[in-house]
Structures are given as structure tokens and as C-alpha cells.
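Here is a relaxed walk through one model, starting from a single loop residue and working outwards to the helices. Have the coordinates open while you read.

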Amino acid sequence: MENNNLLMIPGPTPVPEKVLLAQTKHPIGHRSPEFSEIIGEINDNLKWLHQTQNDVLTLTASGTGAMEAGIINFLSPSDRVIVGCNGKFAERWAELCEAFGLQTERVNAEWGEALDPETIREKLEADTNKEIKAVIVTHSETSTGVLNDLETINRHVKNHGEALIMVDAVTSLGSVNLPIDQWGLDVVASGSQKGYMIPPGLGFVTISEKAWGRYETAKLPKFYFDLGEYRKSAGKNSTPYTPPINLMFGLQTALQMMREEGLDNIFARHERNTQATREAMKALGLPLLAPDNAASRAVTAVAPTTVDAEKVRSVMKKQFDISLAGGQNQLKGKIFRIGHLGFVAERDVLTVVSSLEVTLRELGHENMTPGAGVAAANRVLAES
Ligand SMILES: *Cc1c(COP(=O)(O)O)cnc(C)c1O
């Protein structure tokens, strides 16, 4: 059957019909008053979504571009930075910092475990000369399904005083509470194809007043990603360069839908879908990579021991047209990942779990009671 794909990967995520339709209009001029009005509405709603009074800047780039912009605008060559590394995306930020000649120190944790805030605290406390200029953390590590304890890490950074906290919130924004102003996060980056319910192509970054202070003296080279230009434009409901107009139509509609649902309801839906998925996997005898107390609300990584993870993915795709993600780097072939970020309903989770039960039986996974996964998911959904 054509056109029946259920996209359960942690990005790109499913897009509502209403958003797709909004994008099919003819483009309008990006300097027109009509478009300016749309930018104004989008910017207000982005602030709401980010729980911040600061500007949320929209870039034509994927999440990596937003993160690069967030890092290079506030630092200078050979600045010392700490990068919390427990997965593929965190590694990327360390490599990015190295590419720009920053003195990069990794604080490592096993892939599948959360960062230990204590090791970061120790490094910060030992830095009495205040040489550390930034601590960079991936909040929800999509490659492993781990949610790092950003609140605690941020508290240690605040005690240090000098370092900025820079956050990859690409799969945490819109899935779990992230009170940016209340926590005083300095740089927070995200991307459109994750929690925003729109296709890939936009990156977002929000900046604290403290970080803007550093912008004045930061010396890394920049041009297209010079955020000062985006900030000036945002103040005039405009953009420095031509934005993807039709993607912006989609964003306008998606943000309206999110406001209608409400932040608390969005977070509660992600929490329910996460718990339902995790309890179902446990009931089916499938080990989870991330521990219960550090579970991403965007993606669940499953590390089967009795069946081949890649075979699970291929049967799920062939027989049910359900797309699951595989493992990356050293986790390739060892895990499959179920995305439940953005426009994902309880129905979708139940569909994945029941289809997975059939798949597991076909692949010879033993010690499984048929229906046990669905029953476990059902219990979570009925209780919450
Ligand atoms: C998807 C993702 C990114 C950004 O990837 P792009 O392909 O550049 O959009 C960054 N960090 C995390 C945690 C992600 O999941």
C-alpha cells in the first residue's frame, strides 16, 4: 500500500496535514508588510515555546547550523570550552569546537549513560582563573535516547560565573520542560524537523543578555551566521537574508497548533508516549539503552539481545511500513530507536508496539507473551 508510512524516527518527524497544506501557497515577497506580520507572529510564538523574553533567531540551516552559530558568535580562538560527551551529537560539538580552534576538553560518559554533573562541577571549581568560557551540553542525546541533567549542570556553570552554558536542545525543545529564562541558559539551539512538526530546513537559536555581552568581544570569524544581523532584523520583524518563505508558512501554522495544545499538554503527551514505549519494551523482554531516570522524551533506544536490531527495522519497514531509526557509530547494528517526538499520538505508539510484537515473533524472539507489550503500554496510557 502506498503512502502509508509511519515515520517513527527522531527527525525528520511527522508533519500534520494542516502544516503541509499551509506550505503549498505561492511564495510572497520577504520584504512585504504581509510577510513582516507573519514573522512578528512567529517570533512571539517562538518566545512562548522557548519560555523566554529574549529573541529566538531563525536561521535557514539545519540544527547543526544553529548550534554552530550559537558557538562561534560568543567565543574567540583558543578559548577553553568543556563539552559533555556521551553520544554522537555531543561528539559533533566537540569536533566543531576543534574545527574553530577552541581549546576543547571533553567530559565523557558511556554512550547510553547520562553525563555526571559532578565531573563537570569539579572541572569548573578547579578553574579558579576563570579560563573556561563555555560549557556545551546536548540536553537530549538523540543517538542514545539519554536525557542529561541540564538543570544540575547549569547550576554548576552558574556558580562558576564566567562560563556560558550552551545547549543543544534539538530533541528536547518541545518534548520536555526547558524553562530557558528561569534557568538562565545562555545559548539554546534547535531545528525544525524535530519538535516543531515541520520539515527540515530551519534552525533556531536563542541568546541570553549575558551571551550578547560576549558577542561584543568575540573574535571567531563569521558572516552568514553573524547573529548580530539576525537580532537587528528580528527587531524589525524581518530577516537579514531570504528565508524559506513556504517553510515559514508551515512554521506559522505549526506554532498555532502548539499554542492551542498548550505547553503542559505537549510535555504530558511526550511523557505518556515515552513511558508507554519503555514499559512495552520491558514487557517484551527488550533491554533499553538509557536508564529510567535519564530517558529522553523524544526517542527510545532499544538494544535487543535475542534478535538482530537491523532485522527488526527491516521487517517493520517491509511488513508494516513503519520507519524506525538504527544505531549510529559504535551503536550501529546494536540498537534500534523509536522516535516519539513532535506530531506523534498515542495511537502511533500502540501501532508500533503491536507491529513490533509480530515482528519479534517472526524473528524468533522467545519468552514473550503475545499482547504483553500492548497491555503494558495500555496500562501507562490508562493511568496518565
Ligand atoms: C537532529 C539533531 C541535531 C541536528 O542535526 P541536523 O541534521 O543538523 O539538523 C543536533 N543535535 C541533536 C541532539 C539532534 O537530534
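## Loop residues and packed helices

Asp321 is buried, with a relative accessible area of 17%; the cut-off for that label is under 20%. Keep in mind that this is a predicted model. Asp321 sits in the loop between helix H12 (309–320) and strand S12 (322–323). Its backbone is worth a look too: Asp321 has a positive phi of about 55 degrees, although it is not a glycine. Most residues other than glycine have a negative phi, and most peptide bonds are trans.

Met197 is another non-glycine residue with a positive phi, of about 65 degrees. Find Met197 in the loop between strand S9 (187–191) and strand S10 (202–207). Met197 has a relative accessible area of 5%, so it counts as buried.

What does Val19 touch, leaving out residues up to four places away in sequence? Met197 is one of its partners, and the others are Ile198, Gly250, Thr253, Ala254 and Met257. Val19 and Met197 are 178 residues apart along the chain, yet their C-alpha atoms are separated by 7.9 Å. Val19 itself belongs to helix H1 (residues 17–22) and, because its relative accessibility is 0%, counts as buried.

Going back along the chain from H1, the loop between strand S1 (6–7) and H1 is home to Pro12. Here a cis peptide bond links Gly11 to Pro12, with omega at about -5 degrees.

One more loop residue before the helices: Thr52, found between helix H2 (33–50) and strand S2 (56–60). Is Thr52 buried or exposed? With 4% relative accessibility, Thr52 counts as buried. Beyond four places in sequence, Thr52 is in touch with Lys47, Ile180, Asp181 and Thr206.

### H14 and its two partners

Now turn to helix H14 (residues 372–383). Which residues of H14 are buried? They are Ala372, Gly373, Ala376, Ala377, Val380 and Leu381. An α-helix has 3.6 residues a turn, so residues three or four places apart point the same way. The buried residues of H14 pack against H11 and helix H13 (346–362). Here is the geometry of those two pairings:

| Helix pair | Angle | Distance between axes |
|---|---|---|
| H11 (residues 263–283) and H14 (residues 372–383) | about 150 degrees | 7 Å |
| H13 and H14 | about 160 degrees | 8 Å |

Angles over 145 degrees count as roughly antiparallel. H11 and H14 are therefore roughly antiparallel to each other, and their crossing is right-handed. On the H11 side, the contact is made by Arg272, Asn273, Gln275, Ala276, Glu279, Ala280 and Ala283. H14 brings Ala372, Gly373, Ala376, Ala377, Val380 and Leu381 to it. By character, the residues of this contact of H11 with H14 split into eight nonpolar, three polar and two charged.

H13 and H14 are also roughly antiparallel, therefore, and the crossing of H13 and H14 is right-handed. H13 makes this contact with Glu346, Leu350, Val353, Ser354 and Glu357, while H14 uses Ala372, Gly373, Val374, Ala377 and Leu381. The contact of H13 with H14 divides into six nonpolar, two polar and two charged residues.

How well does the length of H14 fit its residue count? At 1.5 Å a residue, its 12 residues should span 16 Å, and the end C-alpha atoms are 17 Å apart, which agrees.

### H11 and its surroundings

The same check works for H11: its 21 residues should span 30 Å at 1.5 Å a residue, and the end C-alpha atoms are 30 Å apart, which agrees.

The buried residues of H11 are Leu263, Ile266, Phe267, Arg269, His270, Asn273, Thr274, Ala276, Thr277, Arg278, Ala280 and Met281. What do these buried residues pack against? Among helices, the list has H2, H10 (245–261), H13 and H14. Strand S11 (299–302) and strand S14 (336–339) are packed against as well.

Just after H11, the chain reaches Gly285, which takes a positive phi of about 75 degrees.

Technical notes: Residues numbered from 1 in each chain as written. Predicted model: local features only at pLDDT ≥ 70, side-chain atom pairs only at ≥ 80, totals over all residues. Heavy atoms only, no water. Axes fitted to C-alpha atoms, helices over the stretch in contact; angles between N-to-C directions. Helix = DSSP H or I, 4+ residues; strand = E, 2+ residues; numbered from the N terminus. Parallel < 35°, antiparallel > 145°, perpendicular 65-115°, else oblique. Left-handed = near helix turned anticlockwise from the far one by under 90°. Contact = heavy atoms within 4.5 Å. Nonpolar A, V, L, I, M, F, W, Y, C, P; charged D, E, K, R; others polar. Expected span 1.5 Å × (residues − 1). Buried < 20%, exposed > 50% of the residue type's maximum accessible area, 1.4 Å probe, protein only.
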